[in-house]
Amino acid sequence: MTTIASLHIGELAYISEESLNEIPLKLLEMGCLPGAEVKLIQLAPLNDPLYICVNGSHLAIRKETASKIQIIKAQ
Amino acid sequence: MSYKKTINVALIGNPNTGKTSLFNELTGLNQKVGNYPGVTVDKKEGKSKLQSNLKAIITDLPGTYSINPTSLDETIVLKTLLNSKTDKTPDVIVVVADVENLKRNLLLFSQIKDLEIPTVLAINMVDQMKRKGISIDVNLLKKELSNEVVLLSVRKNPKIGVEEVKKAIVKSYNSAKASPLCNVNNRIDPAYFDRLKEINPKYSIYELWLMITQNSFPDKISEDEKKALLTFKNDSKNLKKYQHKETIYRYQKINEILKKTYLTDRSKATDLRAKLDKIFTHKIFGYILFFTLLLLIFQSIFDWATLPMDFIDTQFANLSSYVNKTMSAGVLNNLISEGIIPGVGGIIIFIPQIAILFLFVSLLEETGYMSRVVFLMDKIMRRFGMSGKSVIPLISGTACAIPAVMATRNISGWKERLITILVTPFTTCSARLPVYAIIIALIIPDKKIFGILNLQGLTLLSLYILGFTTAIIAAVILHKTLKIKNTSFFVVEMPDYKLPSLKNVFFDVIEKTKAFVFGAGKIILSISIVLWFLASNGPQSYADVEKNIKEKTISQKISEVKLNQMIASAKLENSYIGIMGKSIEPLIKPLGYDWKIGIALISSFAAREVFVGTLATIYSVESDDDDITTIKQRMGSEINPETNTKRFNFPVGMSLLVFYAFAMQCMATLAIVKRETKSWKWPLIQFVGMGVLAYICSFIVFQTLS
């Protein structure tokens with residue numbers, strides 16, 4: 001399963017429609033919607049948390065959450 | 001309208017949108033912090049003149065991304081909005097948005113709009129548009145949203161923007177009934193929402209929807225109405241799914257509108273953020289930078305606070321002796337000069353340190369750097385059962401645990417927040433410093449090792465490290481033992497870097513210092529007065545002290561000063577507090593303390609630094625209480641009659657240092673912990689746990705060293 005947690009720094013992807021029910025409401029409200037563009041900006045040591053830019057919002061989320069959100073990598 | 005009128009206006013917005021800047025511009029010095037009834041979150045209110053005949057009471061609501069709350073702060077926003085149509089709730093809401101994140105900001109706007117309250121959309125930071133390659137068609141946006149829209153840049157050009165906002169508030173207030181933006185119900189499951197509406201037609205569908213999804217009800221609703229809604233809620237299977245759908249629909253609607261009105265040309269954007277983030281969130285340099293910054297902050301606190309603290313100290317001592325001399329002698333004189341004035345002085349003296357620390361914390365928050373610290377520290381702090389957001393309270397704890405405990409409110413996970421609250425008092429707060437200073441001066445030689453490191457300074461540093469390490473260890477133990485499930489999850493916005501607004505920093509420092517002065521102050525002052533009473537009153541033997549000493553010494557040649565000192569000392573010994581000290585002596589003897597130190601320990605419950613002043617009185621030191629050298633000399637020459645050695649020898653001193661590092665001797669902090677955790681259970685656990693730890697460790701230290 002390809003999730004946000006498997007992104008490399010600087011890599012772009014789109015949030016998959018399938019993970020709609022896995023995304024916490026709060027994150028959804030902050031712009032992390034299916035179809036939205038997501039980019040990994042930075043990783044803290046031990047790859048947790050992740051600093052991402054999604055739908056124009058710059059957010060830090062924990063790996064635990066990131067690994068539940070499926071993505072489709074941009075070609 | 002020709003008559004004078006006052007309306008209620010609430011400011012709502014995402015964090016980091018400049019909402020507080022706008023609030024400060026609208027109200028200026030005309031603001032105060034109060035409390036929301038029943039909850040602990042501070043309510044910031046101020047007055048503003050909108051027109052010659054129309055005034056407004058402006059409320060700055062806590063920053064939030066949505067009206068569906070996940071933390072204590074955010075709950076307030078929903079509560080305020082659901083209680084509309086009563087006299088205290090907003091007539092107009094100003095939604096403050098940041099031009100760069102307009103899409104996300106409009107989500108909150110769309111929710112507010114659906115509550116059908118007159119609304120103004122204030123799009124802030126428009127001076128950044130050029131740099132970010134953004135352009136907006138304001139007139140079309142007004143039409144699409146059917147709402148007042150104001151572009152402003154509070155920081156760059158406060159005057160113009162604020163006047164525009166005021167005009168828009170008036171316009172919105174006078175206009176016809178506000179209409180919803182998204183009729184969410186029609187898009188999800190119309191039949192379901194029709195049934196919801198049938199239950200209670202008094203409220204709008206969206207209000208009812210918020211009540212059942214957020215479990216939050218207006219104050220006025222009756223128990224039966226509440227019950228009916230809860231039954232309906234329990235029968236709904238798709239609540240969570242519908243909430244997701246609602247949010248997605250809102251974003252669809254927002255995207256449609258923005259497509260026509262909002263353009264970004266990324267090629268024109270210059271990205272300072274990316275460059276700074278490379279350094280500040282770097283896996284190695286990020287930490288080096290953070291710890292260097294911390295070191296510099298602590299260094300400056302020590303350097304800058306000494307002068308004003310000495311000044312305050314002298315002024316209060318002068319005031320006390322002035323009152324003592326000028327007022328006619330008696331109980332009232334004693335109460336004021338020995339109870340109230342030193343009590344107030346004991347509060348004021350900490351203001352410099354606390355204000356300086358909060359100046360730095362506020363600066364770091366304003367620039368956006370603090371979020372990077374949260375990002376860097378989260379994983380490490382999680383090992384200890386806390387969150388990246390716990391770093392700010394732990395740093396604040398080095399000034400005072402009271403504002404630090406209050407700073408935990410934005411930690412959304414209850415377990416993480418509770419652990420942070422429980423361990424924060426281990427960090428070395430400013431009240432411990434005077435105690436550490438005098439004991440270190442007594443037992444550690446003022447020598448240098450390796451030519452540069454001062455032994456006394458090194459001891460103080462070790463005590464700071466001891467405090468932090470214990471906080472961490474305690475957190476790990478709590479993390480392992482507390483059976484609380486962490487329900488909330490972690491997300492932090494990483495705001496764009498910006499220059500801090502000095503006005504915001506100023507108001508922030510004032511607010512937090514006030515929280516200390518009035519939160520802790522009341523308790524410190526009342527305990528000071530109680531202690532004064534216990535120290536200046538006693539049973540029968542107390543009344544005879546003066547006569548007995550005079551009789552005893554009549555044949556000896558002693559100066560009047562010396563005689564008065566002997567009387568004061570003997571009085572204290574026979575006072576209620578002296579009796580208390582003596583009665584706990586058997587308990588504290590294994591730690592190396594006598595009843596005199598016992599008195600000082602008891603009086604430390606007002607605030608730890610009272611230790612020094614109390615010992616000064618017990619050893620009847622000449623002149624004012626705080627003349628450190630005299631107290632030090634007197635303490636240094638105090639003899640333990642049982643062993644005929646110095647009372648404050650190395651083992652006793654070390655034992656005391658450890659005791660003060662661990663024991664929970666601050667009533668004010670316990671009161672705040674009770675308020676924040678809403679039960680006596682946690683402050684009690686804190687008090688007993690820290691007390692037992694202090695006792696055991698001091699016991700071990702004393703017994704092994706002596």
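Helices here are runs of at least four residues that DSSP marks H or I, strands are runs of at least two marked E, and both are numbered from the N terminus. Keep that in mind as you look around chain B, and remember that this is a predicted model.

**Chain B as a whole**

Going by that scheme, chain B has 32 helices and 14 strands. Its C-alpha trace spans about 100 × 60 × 50 Å along the principal axes. Of the 706 residues in the chain, 53% are buried. Now take the contacts between residues at least 6 apart in sequence: 73% of them join residues at least 24 apart. As for the outside, chain B exposes about 32400 Å², and carbon and sulfur atoms supply 61% of that area.

**A serine tucked inside**

Let's zoom in on one residue. B:Ser604 sits in the loop between α27 (595-603) and α28 (610-618) of chain B. Is B:Ser604 buried or exposed? It counts as buried, because its relative accessibility is 0% and the cut-off for buried is under 20%. Which residues does B:Ser604 touch, once you leave aside its neighbours within four places in sequence? They are B:Phe611, B:Tyr660 and B:Gln665.

**Charges on chain B**

Chain B carries 87 positive and 61 negative charges, and the mean positions of these two sets are 5 Å apart. Some of the positive ones gather on the surface: B:Lys4, B:Lys47, B:Lys49 and B:Lys55 form a positive patch. One of them, B:Lys49, lies in strand β3 (residues 42-51) of chain B. B:Lys49 counts as exposed, because its relative accessibility is 53% and exposed means over 50%.

**Opposite charges that pair up**

Side chains of opposite charge can pair when their charged atoms come close. How many salt bridges are there over all chains? The count comes to 31. Here are three from chain B, with the N to O distance and the relative accessibility of each partner.

| Lys partner | Glu partner | N to O distance |
|---|---|---|
| B:Lys132 (12%, buried) | B:Glu100 (26%, partly exposed) | 3.1 Å |
| B:Lys202 (61%, exposed) | B:Glu225 (17%, buried) | 2.9 Å |
| B:Lys596 (18%, buried) | B:Glu638 (7%, buried) | 3.0 Å |

Where do these partners sit in the chain? Start with the salt bridge between B:Lys132 and B:Glu100. B:Lys132 belongs to helix α4 (residues 129-132), while B:Glu100 is in the loop between β5 (92-98) and α3 (102-114), so this pair ties together parts that are 32 residues apart in sequence.

Next comes the salt bridge between B:Glu225 and B:Lys202. This pair links distant parts of the chain, 23 residues apart: B:Glu225 is in helix α10 (residues 223-235), and B:Lys202 is in the loop between α8 (190-199) and α9 (205-214).

Then there is the salt bridge between B:Lys596 and B:Glu638. B:Lys596 lies in helix α27 and B:Glu638 in the loop between α29 (628-637) and β13 (639-640), so the pair ties together parts that are 42 residues apart in sequence. Helix α27 should ring a bell: the loop that holds B:Ser604 runs between α27 and α28.

Salt bridges can also share partners. One network made this way joins A:Asp48, A:Arg62, B:Asp378, B:Lys379, B:Arg382 and B:Glu416.

Terms used
Residues are numbered from 1 along each chain as its sequence is written. Chains are lettered from A and ligands numbered from 1 in the order in which they are written. This is a predicted model: local features need pLDDT of at least 70, side-chain atom pairs count only at pLDDT 80 or more; totals for chains, interfaces and linings use all residues. Side-chain values use heavy atoms; hydrogens and water are left out. Buried means under 20% relative accessible area, exposed over 50%, partly exposed in between (1.4 Å probe, protein chains only). Contact means heavy atoms within 4.5 Å. Patches are made of residues with over 30% relative accessible area and no salt bridge: like charges are joined within 9 Å, nonpolar side chains (Val, Leu, Ile, Met, Phe, Trp, Tyr) within 5 Å. Accessible areas come from the Shrake-Rupley method with a 1.4 Å probe; for residues, only the protein chains shown count as cover. A salt bridge is a side-chain nitrogen of Lys or Arg within 4 Å of a carboxyl oxygen of Asp or Glu. Lys and Arg count as positive and Asp and Glu as negative; His and the chain ends are not counted. The place of a charge is taken as NZ of Lys, CZ of Arg, CG of Asp or CD of Glu.
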